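Dear colleague,

Please find below the structure that I am handing over to you. My notes on its cores and salt bridges follow it.

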Amino acid sequence: MSIQTVPLETLHKIRQYLKSALVLPAGEDNPRLETPMDEEEPPEPGSLAELGGLFNFGGTPELETHAPNLRGKWFVSTVNPGSALLKLPGLRLKPGIRLVTYLSRLPNEGMGTTWAVPEALSTTAQLQAVLDQDLKDSPPQPAGALAHVMEAIDGDRSALSFVIASLLQRELREFGASGKRQDWTHHRLINVVPAQVAWQWHITPPKDLSPKVLIYPDQRAAIEFFSCRIVAPVAIFQHVDQYPATGYQCVAKSRVIASPKQG
């Protein structure tokens, strides 16, 4: 059993790479930027025949084709989140699997959900089929999707691979979120207690906040690292991810260990 300390700078570089790889096109992140015609009024009819034609549209093209919109209707992103794995050491996407993201947009917030789907079930028609169902308040889940996106990830079981996996799953979970739907975006990775705030500790203050990976003889693994949420509610978090002997779908536990003192 060995414990390896990982430089915080390594985590910063991994996270920065993931954030640069997981970027939405402007027209999907804010559809208004790419669809200015939605803001225009239709031209005045020149005849009674043209006037009648205004009532025969049968629904807007946007809703029929599941195109990017600001009405909260889910649509399929053109981004391939799996491409983020191409330059990451130690991890890879399992053969025959594709990562797919669905997006929902309102004027001041957005949601995203990413699934791992067998390539045989990932045609545009198959991915959009679920959008024709009554989703109510549930995000779309395409046919054949794995229960957890990290089930699609394989790797060399190195300490670095677990560090990357822990950051990857958080970035994928946040991918497509905006406004009040964001959480992980407001966290900053730390290895020392921020001195700008007087903290009220909820546990015995850790002596060492450096990121660490523990690999057991049976190939199970655990990673511990810390972050500070810099947007209210401000807090210091401890993150502990436990990995099984096979696979990269971890049991992730995050808890607040310190908050700003009141008064």
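**Salt bridges and nonpolar cores**

E109 counts as buried, at 15% relative accessibility. Please bear in mind that the model is a predicted one. The carboxylate of E109 takes part in a salt bridge with R181, with an N to O distance of 2.9 Å. This pair links distant parts of the chain, as R181 sits in the loop between α6 and β7 (187–190) whereas E109 belongs to strand β5 (residues 109–118), 72 residues apart. In contrast to the buried E109, R181 is partly exposed, at 41% relative accessibility. The two residues also belong to a network of salt bridges that includes K180.

In the whole structure, the search finds 9 salt bridges. One of them joins D29 to R105, where the closest N and O atoms are 3.1 Å apart. D29 lies in helix α2 (residues 26–29) and R105 in strand β4, so the salt bridge ties together parts that are 76 residues apart in sequence. What is the relative accessible area of R105? The value is 1%, and R105 is therefore buried, since the cut-off for a buried residue is under 20%. Its partner D29, with a relative accessible area of 40%, is partly exposed.

A further salt bridge is formed by the side chains of R92 and D154, at 3.5 Å from N to O. Here too distant parts of the chain are linked: R92 is in strand β3 (residues 91–93) and D154 in strand β6 (residues 153–155), 62 residues apart. R92 is partly exposed, with 45% relative accessibility, and D154 is likewise partly exposed, with a relative accessible area of 31%.

I turn now to the nonpolar cores. The largest has 40 residues, of which L91, V163, L167, L168, V213, Y243 and Y248 touch the most other members. Two or more residues each come from α1 (8–21), β4 (97–106), α6 (159–174), β9 (212–215) and β10 (221–229). Which element gives the most to this core? It is α6, with 8 residues. Apart from this core lies another, of 11 residues, including W74, V100, Y102 and W115.

V213 may serve as an example of the contacts made by a member of the largest core. Leaving aside residues up to four places away in sequence, V213 touches S2, I3, Q4, V6, A159, F162, V163, A222 and I223. V163, in that list, is also among the residues that touch the most other members of the core.

With kind regards

Key
Residues numbered from 1 in each chain as written. Predicted model: local features only at pLDDT ≥ 70, side-chain atom pairs only at ≥ 80, totals over all residues. Heavy atoms only, no water. Core = buried A, V, L, I, M, F, W, Y, C linked by side-chain atoms within 4.5 Å. Buried < 20%, exposed > 50% of the residue type's maximum accessible area, 1.4 Å probe, protein only. Helix = DSSP H or I, 4+ residues; strand = E, 2+ residues; numbered from the N terminus. Contact = heavy atoms within 4.5 Å. Salt bridge = Lys/Arg side-chain N within 4 Å of Asp/Glu carboxyl O.
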